[in-house]
2 protein chains.
Amino acid sequence: MTGTVLFSVAMSLDGFVAPEAVPAEDLFGPARKQDDPRVRLWMTRWSELHQAAFPQRFFRENLKLGTGGEEGLDNDLAQQTHARTGASIMGRRMFDAGELSWPEEAPFHTPVFVVTHSEREPWERPGGTTFHFVNDGIEAALDQARAAAGDRDVRIAGGGTTILEYLNAGLVDEFRITLSPVLFGVGVRLFEGIDADRIALEPVSAQPSPNGVTHLTYAVRQR
Amino acid sequence: MTGTVLFSVAMSLDGFVAPEAVPAEDLFGPARKQDDPRVRLWMTRWSELHQAAFPQRFFRENLKLGTGGEEGLDNDLAQQTHARTGASIMGRRMFDAGELSWPEEAPFHTPVFVVTHSEREPWERPGGTTFHFVNDGIEAALDQARAAAGDRDVRIAGGGTTILEYLNAGLVDEFRITLSPVLFGVGVRLFEGIDADRIALEPVSAQPSPNGVTHLTYAVRQR
């Protein structure tokens, strides 16, 4: 019995999971451009999108931002998603940004498989996260992640493009959208290029949070 | 004291309020093309988008589809929105499609202001709906709708383009999205072209329905 393949992301009401792309170096690098209007807008939008996550106890502790924080639905769901995840998968762009912005103890605490064209030896971090670099595509990365996860689940961590590749390949069983009360207008659309003739959704739950977001969970079915 | 200006629409999880445009004549005209694949796809998608609305008692009675039907949250909200609406506004394309598809007793039962470049005398239908054709823009249509609505509210009925014009002009106070568990991939996006630097949202309520949709209500604020 293998686990579920899932993703869980915050999305603006108009369907965006990230603001317009800005180079990770400009956002998080040693010479970050904090006064660049594009960087400022990216940071503002990113904060709005994740406004319900930042104050949560789990989020603060896992990213080493401090102790304490809110508890309740948003915290419980974040913690549950983390606990069920035995391995994560991400695209190269998410990894590149994370390498510049995660704390030394990266926030996964499991094996992470990075889908990339670059070859690199596994990168082990304190706290149980080891990044493995997979050069032969999304299915190979999923096979390795399943093996590493055992009977726990595999989470497609992001970014949007990588999630969509897994979704369109019919490899995602379930997902959660944390719908945020914000409009972006431009940016990275989660479902841009979705194969809508193939993918059907079965609603599992809709959980409104007192923080203004709504957690929407769907099972994925093939039409 | 004037009423609220609102809209209330069904939206796919990926942000669409209508499938890809097909001429109204092909969908609803006397020579409708029921075997055209584009028409079939439009009908399928439209049915999926409104799957929670069709079985409702209010919907069936108001569109003369029969008596009886479901009662509960979806029915209550549809009925409440209808009851608070003293006048509606719509774009020309929505009117053109409706003229071919509404029953003789059109489902508004109030004055309706159609924003159009075509001049036409008011068109009175049995049951209290009178269509007025406004040729001098969205603000003039709103002024006339407010005057007709008295202390009741004005509803921007659609379509998506007309709703967005009102939203970007800062003329909408509140809206409801009935988020449907379906992905379109292509079609008419509600928020395409939104002025996100100007429009902020304040979440009012999120109401999950047993029919798989979630009713999300927001107040509109200017940034």
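Which residue of chain A comes closest to the rotation axis? In this predicted model, the residue is G15(A), whose C-alpha lies 3.1 Å from the axis. Here is a quick tour of how chain A and chain B are related, how they meet, and how the sheet of chain B is put together.

**How the copies are related**
- A turn of 180 degrees, with a shift of 0.0 Å along the axis, lays chain A on chain B with an RMSD of 0.0 Å.
- The two copies are therefore related as by a two-fold rotation axis.
- The copies meet through the same surface, because 100% of the interface residues of chain A are also interface residues in chain B.

**How much surface is shared**
- On the chain A side, 29 residues are in contact with chain B, and 29 residues of chain B take part in return.
- Together the chains bury about 2400 Å² between them, and carbon and sulfur atoms give 66% of that area.
- In chain A, the residues that lose the most area to chain B are L13(A), P181(A) and L183(A), which together make up 24% of what that side buries.

**Charged and polar pairs across the interface**
- The rule finds six salt bridges between chain A and chain B.
- One salt bridge links E48(A) with R223(B), where the closest N and O atoms are 2.8 Å apart.
- Four residue pairs are in polar contact between the two chains, counting pairs in which both residues are at pLDDT 80 or more.

**What the chain A side is made of**
- Helix α2 (37-49) and the strands β8 (174-180), β10 (199-208) and β11 (214-222) of chain A each supply at least two residues to the side that touches chain B.
- The element that gives the most to this side is β10(A), with five residues.
- Sorted by class, the side of chain A that touches chain B holds 19 nonpolar, three polar and seven charged residues.

**The sheet of chain B**
- Nine strands of chain B form an open sheet with mixed pairing, in the order β5-β6-β4-β3-β7-β1-β8-β11-β10.
- At the edges are β5 (123-124) and β10 (199-208) of chain B, each pairing on one side only.
- Strands of a sheet pair through backbone hydrogen bonds, either parallel or antiparallel.
- Strands β4 (residues 111-115) and β6 (residues 130-134) of chain B run parallel and are joined by five bridges.
- If you would like a pair to look up in the structure, try F113(B), whose bridge partner in β6(B) is H132(B).

How values were computed: Residues are numbered from 1 along each chain as its sequence is written. Chains are lettered from A and ligands numbered from 1 in the order in which they are written. This is a predicted model: local features need pLDDT of at least 70, side-chain atom pairs count only at pLDDT 80 or more; totals for chains, interfaces and linings use all residues. Side-chain values use heavy atoms; hydrogens and water are left out. Contact means heavy atoms within 4.5 Å. Buried area is the accessible area (1.4 Å probe) that two parts lose on being put together, summed over both. A salt bridge is a side-chain nitrogen of Lys or Arg within 4 Å of a carboxyl oxygen of Asp or Glu. A polar contact is a pair of N or O atoms within 3.5 Å; within protein, one must be able to donate a hydrogen and the other to accept it, and residues adjacent in sequence count only if both atoms are side-chain atoms. Helices (H or I, at least four residues) and strands (E, at least two) are DSSP runs, numbered from the N terminus. Ala, Val, Leu, Ile, Met, Phe, Trp, Tyr, Cys and Pro count as nonpolar, Asp, Glu, Lys and Arg as charged, and the others, Gly among them, as polar. Copies are superposed by least squares on the C-alpha atoms of residues with pLDDT of at least 70 in both. Two strands pair if DSSP finds at least two bridges between them.
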